[in-house]
Amino acid sequence: MFDKCFHVAYRYNPRGIPRKQNMVNIAVIGAGYVGLTTGACLSYVGHNVTIADLNASRIAGLQKGEIPFVEPLLSEIVADGLRSERLTFVTGAINACKDAKFHFLCLPTPPDDDGSTDLSFFQTAVDEISEALQPNSIIINKSTVPVGTAKIINEQINRRDISIVSNPEFLAEGNAVNDFLSPSRIVIGAETREDARRVEELYSNIDAPVLLTGWESAELIKHTANAFLAMKLTFVNEIATLCEKTGADIQDVAKGIGYDPRIGASYLNPGPGWGGSCFPKDSSSLVHVARKVGFDFTLLEHTIQLNKKHVERTAGKVLNLLSKEKNSPKVAAWGLTFKAGTDDLRSSPAIEVLSHLIAEGIKICAYDPTVTGTIEQIPEVSIETDPYASVEDADVLVVLTEWEEFNELEMGKVANMMKSPSLVDTRNLFDREEMESVGFTYCGMGL
Ligand code: UGA
């Protein structure tokens with residue numbers, strides 16, 4: 001047992017990727033965002049990987065190399081795996097597990113109403129595979145779970161010859177393949193050093209610091225990383241508001257603090273509020289975990305509340321520009337996903353901002369490079385497939401995600417097409433002077 005102790009080992013593999021002599025058979029349960037990236041990348045570095053999912057039509061598509069969501073490089077990596085026959089897709093977890101010694105759980109961990117994490121997908125999958133596992137197999141949890149989950153799975157599996165390892169993912173959407181193949185670190189939480197070393201060996205072709213810990217620390221590292229980044233962003237959004245009230249410029253302030261290595265230059269861009277499938281869910285889950293052990297995590301609770309307030313403040317900027325417009329005001333919105341580079345609409349601050357505007361009776365026409373059709377949460381919003389068409393006769397254009405392609409549009413033409421050209425740039429994507437020179441009233445974040 002080395003539950004409480006850990007050490008850091010820096011690895012360097014001069015032979016590059018892939019090196020095949022350590023090839024092993026791996027099962028990945030779940031072909032969602034994490035499972036597909038994990039499985040495809042593990043096959044890319046030389047292992048034989050079988051990815052399983054319950055969704056038969058998703059598996060049929062993947063067998064033909066069809067990726068069910070937008071993620072750069074993933075289709076190339078999957079195509080490489082299919083071509084080399086190191087990557088296979090099957091329906092049903094049990095079909096992936098029978099020939100493997102390593103079983104990655106990459107399953108959904110949705111929030112319950114009280115913010116806690118629903119582990120039923122895990123428990124069902126573990127029940128399904130437990131009898132079929134080969135002796136001395138390792139179940140490796142990749143998904144984000146509350147601290148204590150490895151212990152629960154260990155008790156559930158109740159087989160002395162099966163080990164549990166916690167190996168959290170740090171994949172950001174839009175950069176997942178790079179994050180897997182060139183990670184900032186690999187965290188492996190195990191009950192014994194031998195289990196940890198066996199899992200570490202799976203990554204021997206990847207050059208990254210490896211941190212070996214106990215189960216609880218590995219699980220808490222993942223939640224802490226996301227909660228800390230969320231807190232950093234809330235802090236930046238609060239400072240951006242202070243900049244607006246004091247005449248400072250958030251971009252200068254962020255640069256000025258980012259040079260300090262103790263602070264770091266990343267995650268300092270203000271926005272409409274943070275969102276996505278991870279930060280909101282994981283922050284709430286961590287608050288819940290803390291409460292369960294009798295600790296009031298007030299800092300994180302306030303972080304979550306302040307983010308909601310910031311989203312309202314962002315909507316307020318649009319409403320403020322519309323205040324003189326009495327006759328059925330119209331807003332054009334660019335960007336609907338929770339950030340650029342993805343088609344993921346889960347907990348998107350863009351949708352939250354637009355919901356506030358809808359509640360005020362405002363008509364909205366939107367454009368997003370990856371979104372078509374109707375959005376369930378905001379069916380009132382009409383979606384255009386052309387950015388110019390979305391701005392016709394609009395009073396305010398609100399830019400909600402940071403797609404670079406927005407910068408390539410002719411903003412003079414956009415201004416001319418609008419009724420009264422005002423721009424709320426929640427990502428500070430555009431230059432104020434340039435926008436004013438083509439006729440916009442410009443409103444950024446923290447400027
Ligand atoms: C996040 C983490 O970054 C990953 O390390 C982690 O593995 C992943 O969650 C997960 O738990 O699976 P992701 O949800 O893809 O990744 O999103 P981020 O790129 O981190 O962005 C989160 C939110 O912060 C977005 O709404 C984004 O627009 C916002 N953000 C980010 C800013 O407003 N400003 C910034 O400077 C950076």
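**Local environments, cores and ligand shell in a predicted model**

At a relative accessibility of 67%, Glu85 counts as exposed, where exposed stands for a relative accessible area over 50%, buried for one under 20%, and partly exposed for values in between, as computed with a 1.4 Å probe on protein chains only. The structure is a predicted model, in which local features need pLDDT of at least 70 and side-chain atom pairs count only at pLDDT 80 or more, whereas totals for chains, interfaces and linings use all residues. Residues are numbered from 1 along each chain as its sequence is written, and side-chain values use heavy atoms, with hydrogens and water left out.

Glu85 is located in the loop between helix H3 (74–84) and strand E4 (87–91); helices (H or I, at least four residues) and strands (E, at least two) are DSSP runs, numbered from the N terminus. Although Glu85 is not a glycine, its phi is positive, at about 65 degrees. Most residues other than glycine have a negative phi. A positive phi, near 45 degrees, is also found for Ser347, again a residue other than glycine. Ser347 belongs to the loop between strand E10 (330–334) and helix H13 (349–359), and with a relative accessibility of 36% Ser347 counts as partly exposed.

The largest nonpolar core holds 42 residues, of which Phe104 and Tyr203 touch the most other members; such a core is a set of buried Ala, Val, Leu, Ile, Met, Phe, Trp, Tyr and Cys residues joined through side-chain atoms within 4.5 Å. Helix H1 (residues 33–44) supplies the largest share of this core, namely six residues. Apart from this core lies another, of 26 residues, with Val331, Ile358, Leu400 and Cys443 among them. When neighbours within four places in sequence are left aside, Phe104 is in contact with residues including Ile26, Val28, Leu42, Lys142, Asn167 and Tyr203, contact being defined as heavy atoms within 4.5 Å.

His103 has its place in strand E5 (residues 102–105). Because its relative accessible area is 0%, His103 counts as buried. Not counting residues up to four places away in sequence, the residues touched by His103 include Ala27, Cys97, Leu133 and Ile140. The side chain of His103 also reaches the backbone oxygen of Ala100 at 3.2 Å, a polar contact in the sense of a pair of N or O atoms within 3.5 Å, for which, within protein, one atom must be able to donate a hydrogen and the other to accept it, and residues adjacent in sequence count only if both atoms are side-chain atoms.

Ala93, which lies in helix H4 (residues 93–97), is likewise buried, with a relative accessible area of 6%. Outside the span of four places in sequence, Ala93 touches Ile29, Ala52, Glu128 and Ile129.

Around the ligand there are 19 residues, of which Glu169, Glu173, Lys222, Tyr267 and Lys339 come nearest; a residue is near a molecule or strand if one of its heavy atoms lies within 4 Å of it. By type, this shell divides into 10 nonpolar, three polar and six charged residues, where Ala, Val, Leu, Ile, Met, Phe, Trp, Tyr, Cys and Pro count as nonpolar, Asp, Glu, Lys and Arg as charged, and the others, Gly among them, as polar. Polar backbone atoms of Glu173 and Gly275 are found at 2.7 Å and 3.0 Å, respectively, from an oxygen atom of the ligand, and a polar side-chain atom of Lys339 lies 2.7 Å from an oxygen atom of the ligand. Of the 720 Å² of accessible area that the ligand has on its own, the protein covers 91%, with areas obtained by the Shrake-Rupley method with a 1.4 Å probe and, for residues, with only the protein chains shown counting as cover. Helix H9 (215–246) and helix H11 (279–292) are the elements that give two or more residues to the shell, and H9 gives the most, with three.

Helix H9 also contains Ala218 and Asn226. Ala218 is buried, with a relative accessible area of 0%, and beyond four places in sequence Ala218 touches Ser166, Pro168, Val187, Gly189 and Thr213. Asn226 counts as buried at 9% relative accessibility and, with the same sequence neighbours left out, touches Cys278, Phe279 and Asp282. In the loop between helix H10 (250–258) and H11 lies Ser277, which at 14% relative accessibility counts as buried. Leaving aside neighbours within four places in sequence, Ser277 is in contact with Glu173, Asp344 and Arg346.
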